[in-house]
Amino acid sequence: MKNRLKFLFYTLVFGCLVVACGSEKKSNAPFGNCQYGPPKPVFKAEIPKITQHGFQLNKNAAVENVKFDNGVSLELFQSGCEKPKQEFQFTIPAPTNNFKDLDWINMSIDMFAYMGNLSPELQPFLMWQGALKDRIAQLKLGLPHELEQGFFVKLDKVASADSGLLLVTLYQE
């Protein structure tokens, strides 16, 4: 199980940061002093079920905006140099103020399944879905959960009467 979690983390986080990154390093460019270079987009506008896509590389973070055909929007923040961090902010276009914590946890698992099934290059999300599903009884909203030594996930939410915000953060310490 330990090796599977390492594989999951490296596949998703470093896959997004390392495989997609260029080899040019410029200290005055965003992420110019990072060993792996700047983050690149995880998603592509051409992927079925993506209706809008945008990507912006800022000095300290990359911000990717994705709108899915199910009405859910994603704002993905990628930051960190030696210790990458990805924060997924899903906007749920439905009343969420009556959701229980387990509903939010299940929704995070469902969102990783949804993204992982969009295209072959996004299948690492299915591994994250499995890792979260395996630990569903241990997960608590607002608290970091160590998936493996030094590798964490944190789930959180902002509920309201007309929409909701599901926050999933993957990071290394």
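Two strands pair if DSSP finds at least two bridges between them. Helices (H or I, at least four residues) and strands (E, at least two) are DSSP runs, numbered from the N terminus. This is a predicted model, where local features need pLDDT of at least 70, side-chain atom pairs count only at pLDDT 80 or more, and totals for chains, interfaces and linings use all residues. Residues are numbered from 1 along each chain as its sequence is written, and side-chain values use heavy atoms, without hydrogens and water.

**View 1. Strands 2 and 3 pair in the antiparallel sense.** Strand 2 covers residues 61–68 and strand 3 residues 73–79. Seven bridges join them. Val 63 stands opposite Phe 77 in strand 3.

**View 2. Seven strands form an open sheet.** Their order is 1-2-3-4-7-6-5, with antiparallel pairing. Strand 1 (50–57) and strand 5 (144–148) stand at the edges. Each has a single partner strand, so one side of each is left without a neighbour in the sheet. From one strand to the next, the twist averages 15°.

**View 3. Helix 2 packs with helix 3.** Helix 2 spans residues 101–116 and helix 3 residues 124–134. The angle is about 160°, and the axes lie 7 Å apart. (Axes are lines fitted to C-alpha atoms, for helices over the stretch in contact; angles run from 0 to 180 degrees between N-to-C directions.) That makes helix 2 roughly antiparallel (over 145 degrees) to helix 3.

**View 4. Helix 2 lies across five strands of the sheet: strands 2, 3, 4, 6 and 7.** Contact means heavy atoms within 4.5 Å. Helix 2 runs at about 70° to strand 7 (164–172).

Notes:
Angles under 35 degrees count as roughly parallel, over 145 as roughly antiparallel, 65 to 115 as roughly perpendicular and the rest as oblique.
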